[in-house]
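Reader: I would like a close look at one part of this model, the surface where the protein meets the DNA. Please treat it as one connected account and add the wider fold where that helps.

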Amino acid sequence: MQRVCDPHGIGGTAAWHKVLAPSFYHRDPVTVACELLGKLLVRSLDGDFMIGRVVETEAYLAADDPANHAFRGRTGRNAVMFGPPGHAYVYAIHRYHCLNVVTEGEGLPSAVLIRAVEPLMGIDRMQRQRPTGRLSTLTSGPGRLCQALAIDRTLNGWDVTRAQRLWFVAPACSASVTITVTARIGVTSARQLPLRFCLGMSPFVSRGPYARR
DNA sequence: CGTAAGATTCACT
DNA sequence: GTGAATCTTACGA
């Protein structure tokens, strides 16, 4: 079992966080999307640590999901989704990037989009990449969090189970969470499917009644 | 090679 | 709520 120390004590005193292993991602995207809520996204850059708590995710299914980039087969852009689970699928949209984690594997092109995190650590470093007056708009959106955490295409295909550059951990202290399920944001097809998952009442989500301005 | 579309964000009305 | 910015990717000629 791989572990990483939390130098700032996020998650409680003397916290040791378990790095999420390949088996965590080797499941269906809905399960992974729900279980990623409350986990910590860790970005290591130039010796700095940036950490955010995952508060909003979306699942993109391998079958019968026209909103999935892989719906019409493998292309240069979506190739990572056809690879092993636990790797980052990063793509560009307009001026921004979006971070996904590949799930399932076995040639099933499914993934979970990370839509929002709550900034916990390395906030000064995040603000350097994405200057905002308010903390509530620093990482509340898929493009925003990638800008704040300096995530771009150079991380496409990156193995997020190795605790280098970009990875996820389970906090040492975690409480049970309430999950709100809604339709996905921004997609132009399969708008009805309930595949967006938010931590209940978190003000750091991108949209919804609890999103802070 | 040209063109259209997009899992976004921001400024503005 | 609406529209523009902006740029990569996909696809057809």
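Which kind of oxygen of DNA strand B lies 3.4 Å from an N or O atom in the side chain of Tyr60?

Author: The model is predicted, so local features are described only at pLDDT of at least 70 and side-chain atom pairs only at pLDDT 80 or more, whereas totals for chains, interfaces and linings use all residues. Residues are numbered from 1 along each chain as its sequence is written, chains are lettered from A and ligands numbered from 1 in written order, and side-chain values use heavy atoms, without hydrogens or water.

The partner of Tyr60 is a sugar or linking oxygen of DNA strand B, 3.4 Å from an N or O atom of the Tyr60 side chain; a polar contact here is a pair of N or O atoms within 3.5 Å, and within protein one must be able to donate a hydrogen and the other to accept it, while residues adjacent in sequence count only if both atoms are side-chain atoms. A phosphate oxygen of DNA strand B is reached as well, at 2.5 Å from a polar side-chain atom of Arg144. Two or more residues each are given to the surface near this strand by strand E5 (88-93), strand E6 (96-105), strand E7 (108-121) and helix H4 (142-148), where helices (H or I, at least four residues) and strands (E, at least two) are DSSP runs numbered from the N terminus.

There are 21 residues around DNA strand B, and Tyr91, Asn100, Arg130, Gly143 and Arg144 come nearest. Of the atoms of DNA strand B within 4 Å of the protein, sugar and phosphate account for 53%; a residue is near a strand if one of its heavy atoms lies within 4 Å of it. By class, this surface has 10 nonpolar, 8 polar and 3 charged residues, with Ala, Val, Leu, Ile, Met, Phe, Trp, Tyr, Cys and Pro counted as nonpolar, Asp, Glu, Lys and Arg as charged, and the others, Gly among them, as polar.

DNA strand C has its own surroundings, made up of Thr75, Gly76, Arg77, His94, Arg95 and Arg153. These divide into no nonpolar, 3 polar and 3 charged residues, and sugar or phosphate supplies 67% of the atoms of DNA strand C within 4 Å of the protein, with bases supplying the rest. Phosphate oxygens of DNA strand C are found 2.3 Å from an N or O atom in the side chain of Thr75 and 2.8 Å from a polar backbone atom of Arg77.

His94 deserves particular attention. Its place is in the loop between E5 and E6, and a backbone N or O atom of His94 lies 3.3 Å from a base nitrogen of DNA strand B, while a polar side-chain atom of His94 lies 3.2 Å from a base oxygen of DNA strand C. With a relative accessibility of 78%, His94 counts as exposed; on this scale buried means under 20% relative accessible area, exposed over 50% and partly exposed in between, using a 1.4 Å probe and protein chains only. Although it is not a glycine, His94 has a positive phi of about 55°. Most residues other than glycine have a negative phi.

Two loop residues extend the picture. Thr137, in the loop between helix H3 (123-129) and H4, touches Arg130, Thr132 and Arg144, leaving out residues up to four places away in sequence, where contact means heavy atoms within 4.5 Å. The Thr137 side chain also reaches the backbone oxygen of Arg134 at 3.4 Å. Asp65 lies in the loop between strand E4 (48-60) and E5 and is buried, with a relative accessible area of 1%. Beyond its neighbours within four places in sequence, Asp65 is in contact with residues including Tyr60, Phe71 and Arg184.

As for the wider fold, chain A holds 4 helices and 10 strands. Its radius of gyration, taken over C-alpha atoms, is 16 Å, close to the 17 Å of the globule rule for 213 residues, so chain A is as compact as a globular protein of that length; the rule is 2.2 Å times the number of residues to the power 0.38. The C-alpha trace of chain A spans about 45 × 40 × 35 Å along its principal axes, and 50% of its 213 residues are buried. Among contacts between residues at least 6 apart in sequence, 59% join residues at least 24 apart.
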